[in-house]
Protein chains: 2
Amino acid sequence: MQVALLGGTGDIGEGLALRLARDTDHEVVVGSRKAEKAENAATEYEEALADHGVEAAVGAAENPEAAAGADVVVLSVPAYHLADTVESVADDLSGILVSPAVGLQRDEAGLHYNPPGVGSVTALAAQAAPEETPVVGAYHNLAAGRLADLDADLDWDVPVVADDADAKATVADLTDELAGLRALDAGPLANATEVESLTPLLINLAANNEGMHDLGTKFW
Amino acid sequence: MQVALLGGTGDIGEGLALRLARDTDHEVVVGSRKAEKAENAATEYEEALADHGVEAAVGAAENPEAAAGADVVVLSVPAYHLADTVESVADDLSGILVSPAVGLQRDEAGLHYNPPGVGSVTALAAQAAPEETPVVGAYHNLAAGRLADLDADLDWDVPVVADDADAKATVADLTDELAGLRALDAGPLANATEVESLTPLLINLAANNEGMHDLGTKFW
């Protein structure tokens with residue numbers, strides 16, 4: 001498979017690119033609004049992988065070109081760029097769209113879930129996507145810092161939501177290929193709200209408990 | 001300490017009563033709207049404990065009487081009975097009030113978080129409580145079935161929220177005394193929303209993944 005990480009130059013795009021390149025045989029392409037930015041990131045990821053003894057090629061392209069050939073397209077962009085990003089690649093999409101973004105708002109107490117009017121950022125992605133594109137919600141709860149650290153062991157669960165069973169299975173299988181990640185079925189897309197709202201809890205727990213950073217979750 | 005479990009005849013009240021009686025030296029009192037119901041439950045808990053080789057006395061009383069002497073009062077009642085229950089014991093409270101209830105709504109997709117207008121059920125408890133009563137949010141994410149099974153090992157985390165640092169520490173310490181539970185500080189009471197909304201996710205995951213039941217969470 002080919003996996004494109006739109007906005008893959010930062011945040012969880014970096015960690016997913018590194019771990020997909022290290023742990024799977026899939027072709028990984030970093031997308032960005034500017035080709036040069038994507039190329040710089042891809043080179044940087046290849047160097048980081050080489051430092052860990054992994055010889056892997058990481059592709060780079062502008063977002064629409066990256067999306068064009070991909071079986072799985074991950075929208076690793078901030079929530080407020082999500083609709084624009086989907087629009088910019090809509091004509092080129094032929095694969096599954098994966099939405100990992102979460103709407104967050106900070107006040108003096110901590111971080112809070114701040115979903116868009118449609119109920120979740122994942123639902124927003126589905127609304128913005130072409131009708132024939134299957135949309136899957138996943139990776140909302142992954143801490144970018146630990147994900148991008150190839151020395152870090154994870155052992156985290158990844159709740160996955162989608163209305164299209166095949167698309168959900170494809171993303172779940174892809175996730176299970178990554179060392180230390182276990183995909184769990186969280187039901188239809190309408191359950192994305194409950195998945196996304198775990199993210200601010202993880203950040204609040206990290207902020208309030210000494211020695212806890214970049215938290216993930218294991219359900220059992 | 002004396003710990004009262006209002007509505008302690010069912011749901012997580014049962015598991016908390018059993019485990020407090022087994023794992024701590026605190027005095028446990030089951031409260032109910034009817035003394036007889038509380039007494040029956042207390043007798044049943046004592047028998048279950050005896051079956052597990054634990055000789056422990058479990059007290060029983062009507063809710064106001066149970067609340068009167070208690071250092072910690074757990075509101076183990078459904079969300080829609082919470083305000084009424086707090087009102088019924090308001091004149092008798094001298095300890096910390098603990099709110100574990102979550103507002104839930106089911107549709108065809110699954111279970112969803114359905115908070116009251118004040119933002120969380122914990123905030124509702126704080127609103128209903130006398131001004132001088134410290135309110136702590138805890139135990140929202142505990143699966144009642146596994147909690148009440150004295151043969152079940154837990155290893156679960158318990159996010160705790162409160163504005164009163166001493167009250168929060170008391171409840172966290174009490175929680176840490178229970179085998180397999182670890183209290184984590186989730187910040188002020190205003191962060192209760194993010195804690196409560198984990199509960200429907202746990203239930204959705206259990207509903208959609210074979211072999212997963214009565215889920216809890218470990219953060220790391």
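Trainee: Which residues have the most contacts inside the largest nonpolar core?

Mentor: A:Val98, A:Ala125, B:Val98 and B:Ala125, in a core of 158 residues. Keep in mind that this is a predicted model.

Trainee: What does B:Ala125 touch?

Mentor: Leaving out residues up to four places away in sequence, B:Ala125 touches B:Leu75, B:Leu82, B:Val86, B:Leu97, B:Ser99 and B:Val135.

Trainee: Now the contact between the chains. How many residues come from chain A and from chain B?

Mentor: Chain A puts in 31 residues, and chain B puts in 31 residues.

Trainee: And which element of chain B gives the most to the side that touches chain A?

Mentor: Helix 9 of chain B, with 8 residues. That side of chain B divides into 17 nonpolar, 11 polar and 3 charged residues.

Trainee: How do strand 11 of chain A and strand 11 of chain B pair, parallel or antiparallel?

Mentor: Antiparallel, over 3 bridges. In one of them, A:Phe219 has B:Thr217 as its bridge partner.

Trainee: Different topic: what is the strand order in the open sheet of chain A?

Mentor: The order is 3-2-1-4-5-8-9-10, with 8 strands and mixed pairing. Strand 3 (58-62) and strand 10 (181-185) of chain A are the edge strands, each pairing on one side only. On average, neighbouring strands of the sheet are turned by 25° against each other, direction ignored.

Trainee: How many bridges join strand 10 of chain A to strand 9?

Mentor: 5, and the two strands run parallel. A:Val158 has A:Ala183 in strand 10 of chain A as its bridge partner.

Trainee: Which strands does helix 2 of chain A lie across?

Mentor: Helix 2 (residues 35-51) lies across strand 2 (27-32) and strand 3 of chain A, and runs at about 170° to strand 3.

Technical notes
Residues numbered from 1 in each chain as written. Chains lettered and ligands numbered in written order. Predicted model: local features only at pLDDT ≥ 70, side-chain atom pairs only at ≥ 80, totals over all residues. Core = buried A, V, L, I, M, F, W, Y, C linked by C-beta atoms within 7 Å. Buried ≥ 20, exposed ≤ 12 C-beta atoms within 10 Å, placed from the backbone. Contact = placed C-beta atoms within 7 Å. Helix = DSSP H or I, 4+ residues; strand = E, 2+ residues; numbered from the N terminus. Nonpolar A, V, L, I, M, F, W, Y, C, P; charged D, E, K, R; others polar. Pairing = 2+ DSSP bridges. Axes fitted to C-alpha atoms, helices over the stretch in contact; angles between N-to-C directions.
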